Amino acid sequence: MLSAESITWLISNGAMEWPGKLRGDGLLLTLGSPLQPLTAPGTLVIDLADQSSIECLYGEPVTDWKTHGLMPGEMLLGAVEEPLRLGAELMGMIGGLSHLARVGLAVHVTSPFVLPGWNGHLTLELVNTGPAVLRLHHGMPLARLLVFALDGPRDDDIASHPFYGREADLRSRYADEFPVLLDPEVT
């Protein structure tokens with residue numbers, strides 16, 4: 001894991017870009033825009049092999065907001081305010097702030113890894129597991145990203161992920177990325 005001094009040096013030398021703040025030896029991730037609400041689908045089943053079925057989960061993105069109430073049991077996708085670019089020799093790990101977990105807010109419910117070459121705004125999956133509505137504020141700190149150096153550089157500085165750098169689209173692209181041949185006889 002890299003120290004704050006090493007991270008600051010990497011930023012000043014262009015090996016990574018981060019316009020936000022550091023907290024200890026990590027990058028402080030704050031909540032930005034858009035927010036992507038999940039809605040009750042018109043069907044009881046979302047077919048993860050069918051991108052149009054996945055699209056049924058999402059409401060309209062919320063772009064102009066100051067506060068947002070997250071209901072108990074509700075899930076919301078939120079963009080990190082600050083863009084991040086990691087060089088080919090760097091990777092990151094996202095961890096939520098424990099103060100928020102202690103009030104029922106799960107901040108990042110997926111793999112913590114940010115792969116080398118990431119370039120864009122990270123997406124956080126916010127879930128209210130507590131008994132009360134949680135009021136979110138634009139710009140509030142939610143998580144931090146620890147930065148690690150790889151033991152050897154990659155061939156290029158661009159990650160080979162088809163959805164890196166996509167602006168303002170936080171929705172899942174699972175079926176687009178992992179297509180399967182659909183069997184019309186399976187329901």
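**Inside a predicted chain**

Reader: How much area does the protein chain expose, and what share of it do carbon and sulfur atoms supply?

Author: This is a predicted model. The exposed area of the protein chain is about 10,500 Å². Carbon and sulfur atoms supply part of that, and their share is 57%.

Reader: How many helices and strands are there in the protein chain?

Author: Count the two kinds of element apart. The protein chain has four helices and 13 strands.

Reader: What percentage of the residues count as buried?

Author: Buried means under 20% relative accessible area. The protein chain has 187 residues. Of these, the buried share is 40%.

Reader: How many residues has the largest nonpolar core?

Author: In soluble globular proteins, nonpolar side chains tend to be buried together. Here, Met16, Leu84 and Leu105 are among the residues with the most contacts inside the largest core. Helix α1 (4-12) and strand β13 (141-149) are among the elements that each supply at least two residues of this core. The size of the largest nonpolar core is 34 residues.

Reader: Which tryptophans is Leu84 in contact with, leaving aside its neighbours within four places in sequence?

Author: Contact means heavy atoms within 4.5 Å. Among the partners of Leu84 beyond those neighbours are Met16, Val114 and Leu145. The tryptophans there are Trp18 and Trp118.

Reader: Is the peptide bond from Ser33 to Pro34 cis or trans?

Author: Look in strand β3, where Pro34 has its place. The omega of the bond from Ser33 to Pro34 is near 5°. That peptide bond is cis.

Methods
Residues are numbered from 1 along each chain as its sequence is written. This is a predicted model: local features need pLDDT of at least 70, side-chain atom pairs count only at pLDDT 80 or more; totals for chains, interfaces and linings use all residues. Side-chain values use heavy atoms; hydrogens and water are left out. Buried means under 20% relative accessible area, exposed over 50%, partly exposed in between (1.4 Å probe, protein chains only). Accessible areas come from the Shrake-Rupley method with a 1.4 Å probe; for residues, only the protein chains shown count as cover. A nonpolar core is a set of buried Ala, Val, Leu, Ile, Met, Phe, Trp, Tyr and Cys residues joined through side-chain atoms within 4.5 Å.
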